[in-house]
Amino acid sequence: MSYSFSELDFLKPELGAEYTGSGTHFAVYSAHAEQMDLCLFSEDGKKELDRLPLPKREGDIWSGYIAGIKPGTVYGYRASGPYDPQNGHRFNPNKLLLDPYAKQVVGDLKWDDALFGYTIGEDDLSFDDRDSAPFTVKSVVQDPDFDWDGDQAIRRPWTETIIYEAHVRGMTMTHPKVPDRLRGTFLGMCSDPIIDHLTKLGVSAVELLPIQFFPNDRYLEEKGLTNYWGYQTLGFFAPQSRYMSTDKITEIKTMVRKFHAVGIEVIMDVVYNHTAEGSEKGPTLSFRGLDNASYYILSPDDPRHTFDTTGTGNTLNVANPMVMRMVLDSLRYWVGVMHIDGFRFDLASTLGRQELEFDRQGIFFSAIRQDPILAGVKLIAEPWDVGEGGYQVGGFPHPFREWNDKFRDDVRRFWKGDGGMASELAERVVGSAMQFNHSDRGVTSSVNLLSAHDGFTLLDTVSYNDKHNEANGEDNADGHSDNHSDNMGVEGATDEAGINDARLRRRRNMMATLMLSQGLPMILAGDEIGNSQGGNNNAYCQDNEIGWIDWGGLDDPFLTFCQRMVAFRKAHPELRQERFLTGKTAEDGRIEIAWYKPDGNFMDDGAWNDPELRVLTVYISRSVDAPDTEKMDGLFMIFNAGGDCEVKLPSVNGIKKWQRVVDTGADDPFEILEPKNPLIVYRESIAAFAPKGATEPPKNATQAERWHWFNFGRRKK
């Protein structure tokens, strides 16, 4: 069938391929192209059926409308223009290009030299005239209709949020109860066994590693490896095709709807700082061929070369208004059409660069803050990149929250027994005020984590002194070497009961620290069941048993401990406040926070600066500046990284009698006991105390929260 553009063509405001019900409108941006051809393919994507120049250009947007083009139509673009690499232009009409706004991507990228705009074996100034269509992926026209069955965004307050970072394949590939046909897919991710696990754990949001379309990397394929994590996005609007069990993108909508039905929000890890096309020596798959000089930041000294602040070869040019529009349109699409609840921005410092330097008032942040759709969703920054001045923890504007690697490092060092860490841990326990208490930011600005996808798992943190990344094929040179880890006597797994008991206690202490700290806690998937990656702290290419969660720990007592610590946090609003506790005193004499030495006296400069101090004690109550809308009885907490020690319980805010509600050193960590005063605190343990009688869930707790509390938050009688 032969197609032609309608003479009644009109310019729709949307970019991409928009199905109207009777035809499809195509539109793509390129400021420097001289001709833009729409290529239509057979359903299997193997045969090019037609090639039609887009008839209209207005404001650097090329467009055209074709009646009769329906959802399922496979297409791509070819862009003609100057091939002048020394001035940043790399147009080559022999290369089929993916639509930047493609809602679905089909086919597999088959690595071949024809995918490159220059001739492999020669320098990048050469020109390659081979057709790339047989080897590249294609775009698909989509029908946006879907029955959401009344689904609405949850918009849970930050103070009630507990994040669970997970990988779609890693979470589902080995779970014994996930059906084989659903493993590694969106439908497997929302299958009953996974949802049951997450609801019992008590998390409120899943943060999924990249699920936008990304290809495999050539150098990984040549080594027999895979781009597992997915931080090489090529399609910012399309879900990753390998995560679908069919060819229907509605599967991701089904996943979101099922998570929402049980009160779990879905946060996407997104990569808008670079693309999968790499440096100027990379392939021509989409953006490079459409308009290299517009989509990418080029070297100010030599525009032949890309400017790289991401370590991947290129940097997306969000300072260009149309590239910025693409990023914002993508975010709005995932919120409006896919019902996504939030985003975690990979290497977010790159997005804030103006004239190559980070600017917290930059146009990207300003655009999001004024956007009526995006301003209300959860926004989380990975606050660094590899460029100069890229480390910006605490430097992002409201409403962004930020991953706090200082929390991870200081908690690990304190429990490892490093000297001088008591004052550092104190800073982390109260929300890292030095980094975040400015510009009217709240204490939930800090995303506290013990581990994440990049780095050691929690179990590996207490099982390995050194990384073991040999399987990555880089001679163990990749990944961080300074992990603040401690194998506690044996490198790796062991049958020695004493070492395993010590490792369990330290994991308890670290997880309890996470749940007892102000800020926003994030758990790495699998940490709650003792998942190990065998010491690999950079499993980006391990789509196998190394990277997948081992579900053999479902009966591990540590899982029950984690469930009960999450419930404990939910039951105590003192631990999840909006405002920083700065030491203010209310008019009635009530104090919001106080630090004590073990003898019961207040901490002083000598104690804070004592490098041998291994025990930290603190009382917390409701912030003096917070409205009195939720009952807070107060908590007294002891963090002891040393040996057994005597601690005196304070009389504070009228509280004279305490009861122990958590003790990580006890056989039953949640047995409620009335302690002696002073009391002996076990070596390397955390003990928490509530005023006597304050052991019930909050009066305004939901039915689900009360169920969780009575099942996991206290010792069942």
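**A walk through the predicted model**

E545 is exposed, with a relative accessible area of 60%. The structure in which this residue sits is a predicted model. E545 belongs to the loop that runs between β23 (520-524) and α14 (557-571). N640 is 95 residues away from E545 along the chain, and the C-alpha atoms of the two are separated by 36 Å.

C645 gives a contrasting case. Its relative accessibility is 18%, and because buried means under 20%, C645 counts as buried. The residue is part of strand β27, which covers residues 645-647. I680 lies 35 residues from C645 along the chain, yet their C-alpha atoms are separated by 5.5 Å. I680 is also among the contacts of C645 once neighbours within four places in sequence are set aside; the full set is V615, N640, L679, I680 and V681.

The chain as a whole comes next. The protein chain contains 16 helices and 30 strands. Its C-alpha atoms occupy a box of roughly 85 × 50 × 50 Å along the principal axes. For 717 residues, a compact globule would be expected to have a radius of gyration near 27 Å, and the 27 Å of the protein chain agrees with that. Of the 717 residues, 62% count as buried. Among contacts with a separation of 6 or more, 72% are between residues 24 or more positions apart. The exposed area of the protein chain is about 26,900 Å², with 47% of it supplied by carbon and sulfur atoms.

Within this chain there is also enclosed space. How many cavities of 30 Å³ or more are there? The count is five. The largest cavity holds about 190 Å³ of space. It is lined by 19 residues, and H167, H453, L524, Q533 and G547 are the closest to its centre. Two elements, β12 (163-166) and α1 (168-172), each give two or more residues to this lining. Sorted by class, the lining of the largest cavity comprises 10 nonpolar, eight polar and one charged residues.

Helix α3 spans residues 192-201, and its buried residues are P193, I194, I195, H197, L198 and L201. Just after this helix, G202 adopts a positive phi of about 100 degrees.

Some backbone angles deserve a separate look. Most residues other than glycine have a negative phi, and most peptide bonds are trans. R155 is not a glycine, but its phi is positive, at about 55 degrees. This residue is placed in the loop between β11 (138-140) and β12, and with 37% relative accessibility R155 counts as partly exposed. D440, likewise not a glycine, has a positive phi of about 60 degrees. D440 is located in the loop between α11 (433-436) and β22 (446-449), and at 80% relative accessibility D440 counts as exposed.

Where are the cis peptide bonds described here? One joins H398 and P399, with omega about 10 degrees. P399 sits in the loop between β20 (378-381) and β21 (401-404). Another cis bond runs from N677 to P678, with omega near 5 degrees. P678 is in the loop between β28 (658-663) and β29 (679-681).

Methods: Residues numbered from 1 in each chain as written. Predicted model: local features only at pLDDT ≥ 70, side-chain atom pairs only at ≥ 80, totals over all residues. Heavy atoms only, no water. 1 Å grid on protein atoms, 1.4 Å probe; cavity = no way out; pocket = protein on both sides within 12 Å on 5 of 7 lines; lining within 4 Å. Points joined across faces, edges and corners; volume = space filled by probe spheres on them. Helix = DSSP H or I, 4+ residues; strand = E, 2+ residues; numbered from the N terminus. Nonpolar A, V, L, I, M, F, W, Y, C, P; charged D, E, K, R; others polar. Buried < 20%, exposed > 50% of the residue type's maximum accessible area, 1.4 Å probe, protein only. Rg over C-alpha atoms; globule rule 2.2 N^0.38 Å. Contact = heavy atoms within 4.5 Å. Areas by Shrake-Rupley, 256 points an atom, 1.4 Å probe, with all protein chains shown as cover.
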